[in-house]
Amino acid sequence: MPMNPPNEKYDLVVVKDLVKYFPIRAGVLLRVKAHVQAVDKISFSVKEGETLGMVGESGCGKTTVGRAILRLIEPTSGSVFINGEDIVQMRAQSLKQARRNMQMIFQDPYASLNPRLPIGESVMEGLHIHGIGHPKERWDIAINMLRKVGLEDYHARRYPHEFSGGQRQRIGIARALALQPKFIVCDEPVSALDVSIQSQVLNILKDLQAEFGLTYLFIAHNMSVVEHISDRVAVMYLGKMVELAEREELFRNPLHPYTKALMSAIPIPDPTVKRERIILKGDVPSPLNPPKGCRFHPRCPVAIDICSQEEPEFKELAPGHFVACWVAERNS
Amino acid sequence: MSAAQVASLSPEAVTIEERSPFQIVMRRFQRHRLAMISLVIMLAMFTITLLAPYIAPFKIQELSVNKYFVPWGTVDAETGRVHHMGTDHIGRDYFSRLIYAGRISLTVAILSVLISETIGIVVGAISGFFGGWIDTILMRFVEFMLTIPQLPLLLIISSMLLRNEELIAIPEPVLKVMGDILLLSPRDSRNAVLIVLVLAGFGWLSAAQLMRGTVLSLREQTFVEASRSLGASNFRIIIRDMIPNAMAPIIVDASLGLAGYIVGEAALAFLGFGITDPVPTWGNMLAASQQFMLDRPWLPLVPGLPIFLCSLAFNYIGDGLRDALDPRLKL
């Protein structure tokens with residue numbers, strides 16, 4: 001395992017030109033007719049110990065990015081380095097080893113636990129797969145993890161159907177943590193929960209991050225959740241990353257028109273504050289056949305000629321602030 | 001609710017009783033009255049046939065010379081044993097043969113179900129889980145087999161196998177064990193083993209289709225993806241995630257299958273292509289009685305009734321299990 005450079009946060013996860021196309025098969029012979037361009041050439045990195053929030057509307061490819069990074073689906077091309085090792089090139093055996101360091105927390109707490117396993121067994125599953133400890137030790141680790149997420153010892157023998165959504169999500173967190181991973185992809189972990197439970201789960205995630213020095217890729221579509229938990233925020237639109245910046249910078253000074261529109265949609269709990277709402281027209285274009293040039297240009301309020309011709313590059317316009325937009329580039 | 005009331009509820013007071021999925025299913029099954037009655041009937045039948053040597057007054061092939069078709073309840077003058085249901089056309093005790101026949105018929109049905117469901121689970125799980133060309137080859141084969149009318153094929157194959165002893169060599173220990181279970185000589189039990197193989201050889205097809213469908217839907221479940229992200233192998237996912245969660249429809253299929261195999265075995269025996277006299281089964285007892293049924297109408301009814309009861313009981317048990325295991329009901 002490479003040594004961490006002292007005093008400086010290094011990039012634990014580096015994603016380079018990640019592409020995922022889903023083939024559409026049709027006809028009798030199931031020939032590939034077209035591709036859904038779910039994720040198209042995305043590059044970013046996640047520093048050790050930070051939380052990178054990833055936002056975007058439904059179908060923009062956020063979840064696909066998370067799953068491709070963990071190789072739960074095979075990326076079409078590109079590379080993902082975790083701890084300096086390329087996950088995409090790994091063979092089965094080394095991939096299994098690598099999985100100890102990267103885990104996922106899933107969106108739907110009702111579907112993510114095996115209904116036939118007592119939850120203690122579910123939490124132990126990873127330890128068993130990787131041959132860590134003997135059964136007694138595994139059980140102790142599982143109990144310990146359940147305590148860390150606020151559950152009691154006697155819960156371990158119960159089945160998933162006996163728990164509420166929030167509890168199940170905490171069980172999912174305990175399962176992900178049992179292997180003591182470094183990097184966790186949180187795929188909309190709170191969007192299926194009641195608002196009152198959301199903050200509880202978010203706080204558990206924050207506490208655990210502080211305790212174990214975890215690194216999160218936090219996928220969400222709720223801006224206020226992302227603002228609450230993230231150090232940096234990435235914005236995705238139709239399979240592309242359009243903006244990436246420190247949280248304060250992004251919320252104070254969004255550069256991409258899509259990010260601006262997203263920001264203006266965050267409700268402000270004060271009826272006297274009036275502000276300009278940017279309302280986007282039309283629907284998200286189909287990822288089967290995305291628009292030429294900048295993918296946002298058909299809906300963009302400030303689009304200029306070049307936007308429909310050439311694709312903007314993902315450039316660092318201010319220190320640590322990356323944007324893919326012709327207009328923002330001209331203005332800077 | 002006031003704060004005081006909330007505080008007064010101790011954690012122990014509000015925790016619900018811990019129940020495993022199995023206990024929940026059992027509780028729901030018990031509410032199904034017909035299924036419970038059927039279960040009791042079947043348990044009674046199993047007990048009687050298991051205790052056959054102790055209950056039956058006569059041996060399977062024991063002949064009473066010159067005592068054909070004696071009335072019910074006739075006492076054997078020499079030994080004092082009772083022909084509860086009289087004797088058949090060559091003087092064998094009808095009641096004793098009925099019990100031994102039940103033992104053979106039920107054993108054949110149970111073994112056929114076990115073998116066919118096991119093959120079905122394995123083939124279906126592989127086919128559904130791996131998909132692609134493996135799935136295509138396996139499922140097209142299954143569909144091809146299912147398009148062939150079953151009964152004529154069963155008749156041809158079973159008669160071929162039964163007539164030519166050399167065609168399939170069944171290991172001696174298997175015959176020995178089977179003979180011990182059925183209380184027959186290894187030679188006589190050969191036919192029973194063959195019938196099990198023939199019935200199971202066609203029975204696994206629908207079980208495989210059922211399993212494949214279930215696995216296809218399970219494969220997309222998030223908890224399977226979770227296992228994968230933990231590093232679980234395909235084998236482990238199939239064993240740990242797929243099969244336990246796919247058992248509900250398989251169990252229902254098995255109980256309905258038992259009914260089917262009892263009738264199927266009886267049909268083969270009735271047509272003379274299954275287990276044949278002198279080894280009794282409900283089917284061949286029925287077949288033997290048909291030429292005398294106009295004069296003595298109870299003769300076919302005696303072996304017919306348990307066939308009818310078993311088939312009905314297993315169907316009700318299957319219904320009860322289906323309701324109890326219904327995944328749409330919240331576990």
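**Entry 1: chain B as a whole**

Contact here means heavy atoms within 4.5 Å. With that in hand I turned to chain B of this predicted model, and I noted that, among contacts between residues at least 6 apart in sequence, 71% join residues at least 24 apart. I then looked up the secondary structure of chain B, which comes to 14 helices and two strands. Taken along the principal axes, the C-alpha atoms of chain B fill a box of roughly 90 × 60 × 35 Å, and of its 331 residues 47% are buried.

**Entry 2: strand β8 of chain A**

I next asked myself how many residues of strand β8 (residues 215-219) of chain A are buried. I found that five of the five are, so the strand is largely enclosed by the rest of the structure. I also wrote down which way the side chains point: A:Thr215, A:Leu217 and A:Ile219 go one way from β8(A), while A:Tyr216 and A:Phe218 go the other way. I set beside this the general rule that in a regular strand the side chains alternate between the two faces of the sheet.

**Entry 3: the neighbours of β8(A)**

Which strands pair with β8(A) was my next question. One is strand β3 (residues 51-55) of chain A, which runs parallel to β8(A) and is joined to it by four bridges; I looked up A:Thr51 in particular and found that its bridge partner in β8(A) is A:Tyr216. Another is strand β7 (residues 183-187) of chain A, which pairs with β8(A) in the parallel sense over five bridges, and here A:Cys186 stands opposite A:Phe218. Following the chain from β7(A) to β8(A), I passed through helix α6 (residues 195-212) of chain A, and I recorded this β-α-β crossover as right-handed.

**Entry 4: aromatic rings**

I counted the aromatic pairs over all chains and arrived at six. In chain A I looked at A:Phe314 and A:Phe322, whose rings are 5.7 Å centre to centre with 20 degrees between the planes, and I noted the pair as stacked. A:Phe314 has a relative accessibility of 28% and counts as partly exposed, and A:Phe322, with a relative accessible area of 24%, is partly exposed as well.

In chain B I looked up B:Phe141 and B:Trp204, whose ring centres are 6.4 Å apart and whose planes are at 20 degrees; since planes under 30 degrees apart count as stacked, this pair is stacked. B:Phe141 lies in helix α7 (residues 132-147) of chain B and B:Trp204 in helix α10 (residues 186-219) of chain B, so the pair ties together parts that are 63 residues apart in sequence. Is each ring buried or partly exposed? I found B:Phe141 partly exposed at 39% relative accessibility, whereas B:Trp204, with a relative accessible area of 11%, is buried.

Back in chain A, I also noted a cluster in which ring pairs link A:Tyr237, A:Tyr258 and A:Phe296.

**Entry 5: where chain A meets chain B**

Finally I turned to the interface, and I reminded myself that the size of an interface is often given as the accessible area lost when the parts come together. Chain A and chain B bury about 2600 Å² between them, and 54% of it is on carbon and sulfur atoms. On the chain A side 28 residues are in contact with 25 residues of chain B. I looked up the salt bridges between chain A and chain B as well, and the count is four. One formed between the two chains is that of A:Glu121 with B:Arg240, in which the closest N and O atoms are 2.9 Å apart.

Conventions: Residues are numbered from 1 along each chain as its sequence is written. Chains are lettered from A and ligands numbered from 1 in the order in which they are written. This is a predicted model: local features need pLDDT of at least 70, side-chain atom pairs count only at pLDDT 80 or more; totals for chains, interfaces and linings use all residues. Side-chain values use heavy atoms; hydrogens and water are left out. Buried means under 20% relative accessible area, exposed over 50%, partly exposed in between (1.4 Å probe, protein chains only). Two strands pair if DSSP finds at least two bridges between them. A crossover is right-handed if, with the strands pointing away from the viewer, the path from the first strand over the helix to the second runs clockwise. Rings of Phe, Tyr and Trp (its six-membered ring) pair if their centres lie within 6.5 Å; planes under 30 degrees apart count as stacked, over 60 as edge-to-face and the rest as tilted. Buried area is the accessible area (1.4 Å probe) that two parts lose on being put together, summed over both. A salt bridge is a side-chain nitrogen of Lys or Arg within 4 Å of a carboxyl oxygen of Asp or Glu.
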